[in-house]
Amino acid sequence: MKEKYIGQRVTRPDALAKVTGQAQFAADIAVHRDDLLHAKALYPPYGHARILSIDTSEAEHMPGVVCVMTAKDLPAGCTNKYGADEPDKPIFAENKIVYEGDAVAAVAAETLAQAEAAAAKIRVTYESLPAYEDPRELRETYPSPIHENHPISGQSPVSLSATVRNGDPGPAFEQADVVLDHWYRTPMADHAYLEPDVCIVEPDPVQGGFTIWSPQHAVQNAKQDMAKLFGLPQSKVRVIGTLAGGGFGGKEDSTYDVSTVAAALAMKTGKPVSFEFTRDEVFRNTGKRHAEQIHHRLAADKEGNILAIDVDAVIDKGAYRSVDILPYRGSYYAGGPYKIPVSHAKAESVFTNHPYGCAFRGLGVPQATFAMEGQMDYLAAELGMDPLQLRLKNIARAGDRLHMGQVMLEERGLGLEECLLKAADAIGWKDRAKTGYYDNRGTVKRGKGIACFLYGIGTGSSPDGAHCLVQAQRDGSFNVQVSQSELGQGLLAAMSQIAADALGVTLDKIQVDYADTAASLLAGPTTSSRSTMYVGNALLSACKILTDRFLGYAEGVLRVGKSNLAIEDNMVMVKGKPETAVPLAEIVEGAYTAQIPLAAIGSWYPPRVFFNEDMTNDQMHTYTFGACAVEIAVDTETGIIAVERCLLAADVGKAINPDTVEGQMQGGLTQGIGWSVMEEIFMENGRMKNHSYHDYLIPTAMDVPDMETIIVEHPSDLGPCGAKGIGEPPLVATAPAIRSAFWDATGIFIDEIPLTPVRVMKALKRKDCAE
Amino acid sequence: MAEFFRPEDLQQALSLLAEYREKAAVVNGGSDIVEDISKGKVKPDAIVSIGGIRELGGIREDGGMLRIGGTVTYRQMLASDACQRFRGLIRAVSQVGSPAIRIVGTPAGNLGTAAPAADCATMLLALGAQVVLQCGEGQRTVPLTDFYYGRGKTQRRPDELIVSIDVPSLAPGEGTGYYRVARRKAQDIGKILAGCRLTLENGAVREAKISLGALNACIVRARSLEEAVAGKTAAEALGYLKRTFPEEAGLRESYFREYKEQVTSSAVARAFALALEDAAERSGLWQ
């Protein structure tokens with residue numbers, strides 16, 4: 001395959017339409033339809049309460065109201081339980097609400113204003129219950145005060161528990177020269193996607209079932225989960241993923257929070273229904289990054305070799321299970337990218353009355369990395385070693401084992417050392433140690449920090465494959481049909497580039513049909529930084545089938561065996577003889593006439609993974625690696641941290657489109673800075689206090705520096721042209737890098753983020769008192 | 001449903017206010033009130049949009065006063081030569097919200113809303129500004145120090161409009177400074193605001209006005225600090241401010257209380273230092 005487009009900076013097809021405002025999002029589609037009913041749901045003013053009574057009679061008689069629904073009005077066959085992994089969340093609460101995003105009732109009316117007015121007339125009486133917010137306390141509380149009979153966990157306060165046991169850490173801790181024992185805390189965070197959750201659900205009066213238009217991470221999963229919820233055959237639900245105004249993992253199941261309500265109303269009324277959250281509802285109702293408290297113990301010798309880790313991570317699950325692979329990931333990533341011979345790493349997710357914890361860029365890895373990289377800096381401080389050298393000494397190279405027993409393989413692309421060295425070089429690490437490099441005598445103190453990570457591509461559980469469909473048109477153009485979503489990450493560009501090169505055609509011949517269950521095959525979600533690798537590979541396989549067929553047909557036209565034929569720039573020719581070129585369109589047309597099928601299914605599966613009994617495993621076949629380096633200025637009188645430089649060197653295997661790779665890196669770093677120094681959710685009695693952008697601060701353009709990016713390419717033999725993934729990794733090491741720079745600047749370690757002015761001033765005061 | 005009016009002259013506007021009184025909402029940039037109306041916190045019968053009243057536009061300096069008209073926007077202030085001389089004011093205004101807010105937002109609105117964390121109002125308080133109010137019966141001038149009754153409450157009667165904000169011109173030796181502490185660099189409400197106007201004479205502080213925002217229900221003058229620094233050398237005054245928490249700051253119990261206790265004196269000292277620097281530079285200009 002000739003790489004004409006792969007590796008090039010191809011402009012994303014959606015870029016122009018988006019910046020000129022012509023691209024249609026789901027809410028735009030709703031605005032242009034005049035046959036829709038509009039939905040409004042009622043949410044409780046409590047984080048935990050019993051429902052004593054619901055009176056909808058007044059609401060039902062309000063103008064324009066077509067339908068008012070509560071749990072008892074759901075269509076027959078509806079289980080009233082849904083969720084991205086396991087169904088446990090009701091569309092409408094039945095007896096109890098366990099967080100303030102539990103809908104109690106909903107209205108469908110002719111206009112939104114009518115729906116809002118009617119929803120306000122629904123009378124609900126509640127018995128307020130104490131809100132439970134501390135997972136460390138709750139995990140010892142049996143039965144769980146939150147779920148009286150959870151469909152999966154029963155009366156257990158723990159949603160899921162996972163432990164890696166690789167040897168016995170006891171002796172290692174006894175023999176160690178250094179034992180570090182620290183608690184790390186990372187906060188909940190809102191995804192802060194620009195587009196609120198929104199959907200249109202339209203019943204199909206012809207064949208039954210319904211169609212959903214909404215921004216999605218996984219149309220095929222939504223199809224399956226919505227059908228299951230309403231007791232429909234899966235074939236009867238069609239899901240069309242509209243262009244997403246940001247998702248970052250959240251819309252994997254927050255989209256269900258709107259589409260379940262709209263679908264219930266649509267099925268009841270037989271009419272298309274649109275439902276859009278307000279920003280307030282997005283904050284209160286949808287999933288958040290899991291807050292974690294991680295007790296990390298690390299044993300090392302005096303040369304800085306890590307001997308063992310012993311980790312206990314407590315994860316705030318919130319009210320429902322949602323995506324709850326977190327304990328696996330918490331234990332899996334507890335040792336970072338380092339060779340560690342002995343490990344005991346446990347992680348547990350515990351139900352609370354908080355918003356449910358869901359997927360968010362990095363899915364547990366940023367939390368685990370904050371703790372492990374924090375330990376590395378403590379170790380460097382303890383031993384008086386350079387933090388960079390300590391990392392270089394410990395990173396797992398080919399043949400080394402990670403803490404969970406996985407052996408690192410050169411052929412999967414091991415670029416971490418190069419990332420660390422390039423990041424250190426770019427940030428000027430050598431200068432950091434020079435006496436007097438910074439004048440830190442004044443009130444503003446500067447420092448540099450570095451942190452590194454690995455990030456497995458794909459979900460890490462089997463089966464995790466992808467299928468796609470490629471159809472040739474008789475004019476030599478192609479429809480590439482993938483179920484993946486365009487979330488702004490650059491799916492359309494990457495898929496077009498891979499398909500064009502694999503087929504030997506120009507980019508303009510490729511149309512990507514995306515995120516429509518009626519025009520694509522099962523391919524897993526657009527999450528886990530997996531689409532380029534998984535769907536890219538499936539695409540290569542489909543294109544190979546088609547080009548084989550067309551070249552087979554061309555043998556008869558060009559009178560040369562197909563191994564000597566090639567397709568380049570829409571022409572089929574004898575290799576090296578452009579004068580023999582025949583337009584591909586003619587070959588496809590001829591093949592069609594010769595009754596050769598013009599469509600092919602491509603598939604790809606990664607190596608299957610299994611856990612060993614002790615939970616040692618090699619769940620992840622390929623890792624993206626990276627090193628984040630920052631330079632910050634700490635104003636010691638105000639506690640304000642200015643991130644003055646922020647750079648990331650990432651080993652992506654192969655950058656299919658360097659523009660979008662860099663875009664992901666810049667976006668992830670920005671989000672990482674927000675999580676590290678600014679973003680904070682304040683809960684009180686199970687209710688969110690800062691449920692607007694006025695009070696929930698995310699960085700503005702003025703709060704972040706120009707992001708510097710360095711692409712490193714150590715190809716994985718499993719990836720398409722060596723590509724790995726880059727969607728989530730850029731955020732993973734920002735927080736520990738900033739913490740490290742704060743230590744460099746002030747001599748103080750802070751083990752809890754975000755490093756807000758309040759937290760910084762407290763830490764500086766503690767230091768003052770100590771001195 | 002409220003009626004919407006867009007009067008083109010002052011008399012029209014004032015008669016509307018006289019008619020609707022408490023039931024009228026005066027709107028210009030709308031950056032605060034539109035949100036209140038859309039959330040149903042304010043339910044006016046009449047919305048009186050004053051942006052088209054020509055008499056209320058314009059910034060001019062005459063009779064020893066900088067006069068900022070009642071419809072002047074932040075962006076107009078930033079572009080005004082007369083305002084540039086008040087560096088503290090420019091600094092305060094340039095930190096309000098975002099470019100989009102500064103295009104529509106107005107200092108008169110900032111005073112009228114009487115929010116506790118008002119950047120421009122806090123600086124105006126230190127500048128010794130006066131508020132010129134007009135109703136059908138005539139005009140009156142209220143010193144900004146007397147303008148506020150409490151959070152969201154001012155001396156403006158429902159039939160009055162703020163027609164001008166007047167700030168005494170700068171004399172030789174005077175300088176102004178402003179400092180805000182906020183959690184992010186734009187689009188954020190400050191946690192601590194401090195404004196300062198002072199007169200420097202032979203290296204000593206002859207007089208200083210110091211204002212505080214975001215520390216009380218409404219913005220306040222820190223008279224205890226003003227009295228303490230008067231007569232001190234610049235360095236002594238600065239040292240005093242750095243270690244003194246102003247007794248006028250009435251902190252409520254909140255997540256930020258301890259933080260504000262720790263940081264307020266630094267913020268005040270920084271505003272003061274900026275004013276000192278300005279005064280020194282400006283006296284250089286005069287010599």
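Here are some numbered notes on how the parts of this predicted model fit together.

1. Start with the layout of chain A. The domain assignment splits chain A into domain 1 (35-129 + 196-284), domain 2 (409-458 + 619-770) and domain 3 (465-604). Domain 1 and domain 2 are each written as two segments, while domain 3 is given as one.

2. Next, look at where domain 2 of chain A meets domain 3 of chain A. Their C-alpha centres are 39 Å apart, and 21 residues of domain 2 are in contact with 17 residues of domain 3. Together these two domains bury about 1,300 Å², with 62% of that on carbon and sulfur atoms. On the domain 2 side, A:Gly458, A:Ile656 and A:Pro720 lose the most area to domain 3, together accounting for 38% of what that side buries.

3. What about charges and polar groups at that boundary? The rule finds zero salt bridges between domain 2 and domain 3 of chain A, but it does find eight residue pairs in polar contact. If you want to find the domain 2 side on screen, try β16 (444-456) and α18 (658-677) of chain A, each of which supplies at least two of its residues. By class, that side of domain 2 has eight nonpolar, 11 polar and two charged residues.

4. Now for the place where the two chains meet. Chain A puts 23 residues into the contact and chain B puts in 18. The area buried between chain A and chain B is about 1,900 Å², and carbon and sulfur atoms give 57% of it. On chain A, the trio to look up is A:Glu637, A:Leu697 and A:Val758, which supply 27% of the area that chain A buries against chain B, more than any other three residues.

5. How many salt bridges are there between chain A and chain B? The count is three. One pairing you can pick out is B:Glu258 with A:Lys765, a salt bridge whose closest N and O atoms are 3.5 Å apart. Across the interface of chain A and chain B there are also seven residue pairs in polar contact.

6. Which elements of chain A give two or more residues to the side that touches chain B? They are β25 (640-651) and α20 (757-770). The largest share, six residues, comes from α20(A). The chain A side as a whole divides into 11 nonpolar, four polar and eight charged residues.

7. Chain B has its own internal boundary. Its assignment gives domain 1 (3-168) and domain 2 (174-286), with C-alpha centres 24 Å apart. Each of these domains brings 29 residues to the contact. Between them they bury about 2,300 Å², 57% of it on carbon and sulfur atoms.

8. Keep an eye on B:Arg87. Along with B:Thr122 and B:Ala126, B:Arg87 is among the domain 1 residues that lose the most area to domain 2 of chain B, the three together making up 22% of what that side buries. The count between these two domains is three salt bridges, and B:Arg87 forms a salt bridge with B:Asp278, the closest N and O atoms being 3.4 Å apart. The rule also finds 12 residue pairs in polar contact across this interface.

9. Finally, the elements on the domain 1 side of chain B. Those giving two or more residues are α5 (87-94), α8 (119-127), β8 (148-150) and β10 (161-168). Of these, α8(B) gives the most, with seven residues. The whole side divides into 16 nonpolar, eight polar and five charged residues.

Technical notes:
Residues are numbered from 1 along each chain as its sequence is written. Chains are lettered from A and ligands numbered from 1 in the order in which they are written. This is a predicted model: local features need pLDDT of at least 70, side-chain atom pairs count only at pLDDT 80 or more; totals for chains, interfaces and linings use all residues. Side-chain values use heavy atoms; hydrogens and water are left out. Domain bounds come from an automatic or database domain assignment. Contact means heavy atoms within 4.5 Å. Buried area is the accessible area (1.4 Å probe) that two parts lose on being put together, summed over both. A salt bridge is a side-chain nitrogen of Lys or Arg within 4 Å of a carboxyl oxygen of Asp or Glu. A polar contact is a pair of N or O atoms within 3.5 Å; within protein, one must be able to donate a hydrogen and the other to accept it, and residues adjacent in sequence count only if both atoms are side-chain atoms. Helices (H or I, at least four residues) and strands (E, at least two) are DSSP runs, numbered from the N terminus. Ala, Val, Leu, Ile, Met, Phe, Trp, Tyr, Cys and Pro count as nonpolar, Asp, Glu, Lys and Arg as charged, and the others, Gly among them, as polar.
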